[in-house]
Amino acid sequence: MDYKKLGSSGLEVSSITLGCMSYGDPQRGSHDWTLTEEQSRPFIRRALELGITTFDTANVYSLGSSEEILGRALGEFSRREEVVIATKVNGTMRPGPNGRGLSRVHIMEQIDASLSRLGTDYVDLYQIHRWDPTVPIEETMEALHDVVKAGKARYIGASSMFAWQFAQAQHAADLGGWTRFVSMQDHYNLINREEEREMHPFCLDQGIGVLPWSPLARGRLTRDWDASTARSQTDEFGATLYRQAEESDRRVADAVASVAQRRGVPRAQVALAWVAGREAVTSPIVGATKLSHLEDAVAALELHLDSEEVAELEAAYIPHAIAGF
């Protein structure tokens with residue numbers, strides 16, 4: 001496993017991040033396809049054995065039970081200083097006023113709640129889970145700065161938004177003398193490459209690390225196009241991501257299958273190797289519900305695609321509307 005600086009910050013992360021959305025009480029929240037705590041623990045333990053030290057979750061995943069499961073497992077299987085824990089804030093955690101969003105009151109409430117569920121005094125990376133148009137960005141950035149200065153988070157990051165919004169947030173931080181974002185967690189894979197237009201060039205210019213989510217397109221790049229899984233049949237958010245340009249997307253998936261067959265490796269390794277090899281990308285966030293998913297993710301880091309293979313994988317892509325914000 002290789003380790004990289006997260007953008008121009010001093011934080012070192014593993015070249016693969018384990019995404020923990022799949023781990024949580026199926027009875028909490030809207031994801032009835034998640035794995036229980038007993039089912040989840042072997043994945044966290046195996047990730048650590050493979051050298052994965054960076055774990056991404058969110059307060060809203062299974063209404064906090066993902067954080068609880070991750071915190072207990074890491075507390076048993078690792079030392080706190082050896083791992084990087086990232087979580088997120090914005091989603092609805094309770095009904096009524098101030099139960100969601102990026103206001104000072106919600107951020108301050110939720111950082112303490114996340115720390116309690118994770119069983120730690122601090123998170124390494126505290127991320128805003130999308131943009132909140134109802135709150136002045138200055139309020140959000142100052143609140144996040146105060147979280148850092150209180151020692152409850154080491155660094156802050158952002159997730160899917162327009163590049164102009166991200167630039168506005170960084171500018172607000174500069175004007176206020178507040179902590180800047182060091183990372184962008186965005187939707188990026190072979191069938192959704194729109195971040196290459198503005199967000200990735202901005203991140204490269206500004207020294208911001210990129211942590212792509214859904215690098216395998218919710219598994220669409222790893223199986224036959226018409227195949228489905230229990231998650232794909234019930235994941236309402238996932239269903240909104242890949243509705244358009246299906247024929248061109250199918251051709252991209254076919255190219256992944258073709259390259260994988262010639263290389264004699266699983267399709268997941270090819271699709272992930274392409275993402276991991278992009279200049280702006282620091283650490284793709286990979287979900288795992290089978291232990292082979294972890295093995296493939298780590299193996300993908302050793303799979304070097306040549307220029308002809310890259311061209312083949314990219315040839316069928318056509319522009320898409322933004323999805324995932």
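Start at N98, which is partly exposed because its relative accessible area is 40% (buried means under 20%, exposed over 50% and partly exposed in between, with a 1.4 Å probe and protein chains only). N98 sits in the loop between β5 (84–89) and α3 (104–118); helices here are DSSP runs of H or I with at least four residues, strands are runs of E with at least two, and both are numbered from the N terminus. Its backbone is worth displaying: N98 is not a glycine, yet its phi is positive, at about 65°.

The model is predicted, so local features need pLDDT of at least 70 and side-chain atom pairs count only at pLDDT 80 or more, while totals for chains, interfaces and linings use all residues. Residues are numbered from 1 along each chain as its sequence is written, and side-chain values use heavy atoms, with hydrogens and water left out.

**A second positive phi**

Select S62 next. This residue belongs to the loop between β4 (54–56) and α2 (65–77). Its phi is near 50°, again a positive value in a residue other than glycine. S62 counts as buried because its relative accessible area is 2%.

**Helices α2 and α3**

Move on from that loop to α2, and show α3 with it. Two packed helices are described by the angle between their axes and the distance between the axes. For α2 and α3 the angle is about 45° and the axes are 7 Å apart; axes are lines fitted to C-alpha atoms, for helices over the stretch in contact, and angles run from 0 to 180 degrees between N-to-C directions. α2 is therefore oblique to α3, given that angles under 35 degrees count as roughly parallel, over 145 as roughly antiparallel, 65 to 115 as roughly perpendicular and the rest as oblique.

To see the contact, select E67, E68, L70 and G71 on α2, then S114, R117 and L118 on α3; contact means heavy atoms within 4.5 Å. Sorted by class, this set holds two nonpolar, two polar and three charged residues. Ala, Val, Leu, Ile, Met, Phe, Trp, Tyr, Cys and Pro count as nonpolar, Asp, Glu, Lys and Arg as charged, and the others, Gly among them, as polar.

Stay on α3 and pick L115, which lies in this helix. L115 is buried, at a relative accessible area of 8%. Which residues does L115 touch, leaving aside its neighbours within four places in sequence? The contacts are T120, D121, Y122, V123 and K152. For a distance label, use the C-alpha atoms of L115 and Y126: the two residues are eleven apart along the chain, and the atoms are separated by 11 Å.

**Helices α5 and α6**

Select residues 163–176 for α5 and residues 199–206 for α6; their axes are 9 Å apart and the packing angle is about 25°. That angle makes α5 roughly parallel to α6. The crossing is right-handed, meaning that the near helix is turned clockwise from the far one by less than a right angle; anticlockwise would be left-handed. On α5 the contact uses A163, F166 and A167, and on α6 it uses M199, F202 and C203. By class these are six nonpolar, no polar and no charged residues.

C203 is buried, at 1% relative accessibility. Another cysteine to select is C20, which also counts as buried at 1%. How many disulfides are there? The count is zero, where a disulfide is a pair of cysteine sulfur atoms within 2.5 Å.

Return to α5 for Q170. Its relative accessible area is 1%, so Q170 is buried. Beyond neighbours within four places in sequence, Q170 contacts R180, F181 and I208.

**Y242 and helix α9**

Go to Y242, in the loop between α8 (236–239) and α9. Is Y242 buried or exposed? At 5% relative accessibility, Y242 counts as buried. Not counting residues up to four places away in sequence, Y242 touches H187, N189, I191, S214, A217, R218 and R220. One of these, R218, is 24 residues from Y242 in sequence and 9.2 Å away in space, C-alpha to C-alpha.

Finish with α9 (residues 246–263) and α12 (residues 307–314), whose axes come within 8 Å and cross at roughly 150°. α9 is therefore roughly antiparallel to α12. Select V252, A255, V256, S258, V259, R262 and R263 on α9, with E309, E312 and L313 on α12, to display the contact. The classes here are five nonpolar, one polar and four charged residues.
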